[in-house]
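Student: I should like to learn how to read a helix and a ligand site in a model of this kind. Could we begin with the helix and then turn to the ligand?

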Amino acid sequence: MSEGAAKKEERHKFQAIRGTRDLLPPETALWNHVEQTANEVFATFGFGAIRVPIFEPTELFARSIGLDTDVVSKEMYTFEDYEATELVELRTAAVTNVASLATGEALRDFLDRVGNFILAAEKAFEAGGIPKTPENERTLQMARELIADLQTFRYQGEREILPRVAELKDAVRQVRFGDVISLRPEATASVCRAYIEHGMRQLPQPVKLYYIGPMFRRERPQKGRYRQFYQIGAEVLGGSDAPAIDAEVIEMVMTFFDRLELHGVQLDINSIGCRECRPKYVELLRAELLKVKDKLGPDSQRRIRTNPLRVLDSKLESEQGTIATLPRITDHLCEACATHYSAVKRQLEMRGVFFRENWRLVRGLDYYMRTTFEITAQGLGSQNAVCGGGRYDGLVELLGGPPTKGIGFAIGEDRLVLSLQESGKAPAQPGRDVYIAWMGERAHATAIRAAKDLRKAGFSVELPPVEQKFGKALGQADKLGAKHALILGDNEVSEGLWTLKTLADGAQLKLPEPALIEHLRKSKAVSS
Ligand code: ATP
Ligand code: MG
């Protein structure tokens, strides 16, 4: 590389990774407002904040969300977490730079290197330095056998040995050095894990928790769909599965959206039954789907086998007519589920929460049962779901805990903010209350003291770090959207009378220092 090219490379501009983005002022003021409102509203319902890790063992998500979901099968950011040890070097030495195995000696040399690695890996396996999983045990065993096999091989040329060498290299690459972990695609599984891990069932039940934070899914980025996005979610764990709990959780989200003045909010609810009635319905649905298979596209055809409920989720125009004729789960709920569902609806009515029943609402994650709901809002195009939730009574048990009732929701904060912006919710102006235009050494000292006092009184203050001519300072104050300029020159300081200029109308006022804060308070009260 030439020196010029190298320099250019160095100056290469970095950009945020596809599907991620920077949130900047003034927009972040709206994000803060949304989160602040969530904190306030959720607290009035008795929810406490929980913060869970950004990454967890992949297995936690696989087991809870389900293997046949898009999230787990193709959207997770997964990696192996290990310390770079001698093993890593040994593996690199074993599998790279094998230019040719054209002689028996080259093969022996290769086998030596692989043998060294396997020996070290076996030791680490015994000592717990690499995961003691059945997969690792099997892989090591297989590598051992392949080495033995190749060692007794009478060398007759590359062609016969290459397939076995390739197999051996594969085995070597498959040895896991550390745990497989994933960036969280959602947080419900983590909250349930935390509930179990911290013995929260000893607390008064139910335990009510909420979280705010980033989630990661490798989806195709588009408006309202990102690879790093933010969720605000809540979970109610333990206690009973009383319909009033379902209704109160939904009421809480609706109260939150109401407080934010979110436009065009539409709540859809459904019941997807339980372990008793759902399997029977799924079989019925599958049988009916098989009858109309030819009218469905390839995705839905595949789902008839893997996950028939998901067919109901289809947005394909050509399938809508066919789907409308399918049996509806609400007609096939067991008695307990039917009773629960109608009680939830009655409870929502008692709370003045408007809803629409949507028999096709099945939700994408495996762990849901009985109540499911989704909330859409205005101005979001086809990504219009701002909240999804439902009951998941079996989840804690599935993760190794005691049988525990559970219900929760997750709000897409990005979409929520987008919808608020589309409906003209301007973020709070970050403009300053006071810009201090000072000139001279003595004035600087006074300006520093004034800034401290004003900030302590809660005003937003801009104190320029270097002296400016008054004209320039006032221009700067204007650009920053300051409401007032406090003018401090030598005269003002020695007289003890400060000049306060209101930038909107140019009005000027002379004030003694002690009267300043009171005056600003009054003018703030008038303007807000
Ligand atoms: P969708 O059908 O829109 O993909 P989902 O069913 O995958 O949503 P959930 O897993 O239920 O969504 O997550 C709850 C909420 O999180 C969604 O309603 C949505 O507002 C938001 N959300 C999900 N995935 C993304 C994403 N990639 N980018 C932005 N927001 C998202
Ligand atoms: Mg999705």
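Tutor: Let us begin at the end of the helix: α16 is followed by G424, whose phi is positive, near 85 degrees. Please bear in mind that this is a predicted model.

Student: Why is helix α16 described as largely enclosed by the rest of the structure?

Tutor: The general idea is to count residues under 20% relative accessible area, which are termed buried. Here, eight of the 10 residues of α16 (residues 413-422) are buried, so the rest of the structure largely encloses this helix. The buried residues are E413, D414, R415, L416, V417, L418, S419 and L420.

Student: Which elements do the buried residues of α16 pack against?

Tutor: Their partners are the helices α2 (27-44) and α10 (243-260), together with the strands β5 (207-216), β6, β10 and β11.

Student: Now the ligand. Which residues come nearest to ligand 1?

Tutor: Of the 14 residues around ligand 1, those that come nearest are R217, E219, R225, R363 and A385. By class, this shell holds six nonpolar, three polar and five charged residues.

Student: What polar pairs should I inspect?

Tutor: One looks for N or O atoms within 3.5 Å of each other. An N or O atom in the R225 side chain is 2.8 Å from an oxygen atom of ligand 1. A polar side-chain atom of Q231 lies 3.0 Å from a ligand 1 oxygen atom, and a backbone N or O atom of Y226 lies 2.9 Å from a nitrogen atom of ligand 1.

Student: How much of the accessible area of ligand 1 does the protein cover?

Tutor: Of the 580 Å² that ligand 1 has on its own, the protein covers 86%. Elements giving two or more residues to the shell are β6 (228-237), β10 (385-391) and β11 (406-412); β10 supplies the largest share, three residues.

Methods
Residues are numbered from 1 along each chain as its sequence is written. Chains are lettered from A and ligands numbered from 1 in the order in which they are written. This is a predicted model: local features need pLDDT of at least 70, side-chain atom pairs count only at pLDDT 80 or more; totals for chains, interfaces and linings use all residues. Side-chain values use heavy atoms; hydrogens and water are left out. A residue is near a molecule or strand if one of its heavy atoms lies within 4 Å of it. A polar contact is a pair of N or O atoms within 3.5 Å; within protein, one must be able to donate a hydrogen and the other to accept it, and residues adjacent in sequence count only if both atoms are side-chain atoms. Accessible areas come from the Shrake-Rupley method with a 1.4 Å probe; for residues, only the protein chains shown count as cover. Helices (H or I, at least four residues) and strands (E, at least two) are DSSP runs, numbered from the N terminus. Ala, Val, Leu, Ile, Met, Phe, Trp, Tyr, Cys and Pro count as nonpolar, Asp, Glu, Lys and Arg as charged, and the others, Gly among them, as polar. Buried means under 20% relative accessible area, exposed over 50%, partly exposed in between (1.4 Å probe, protein chains only). Contact means heavy atoms within 4.5 Å.
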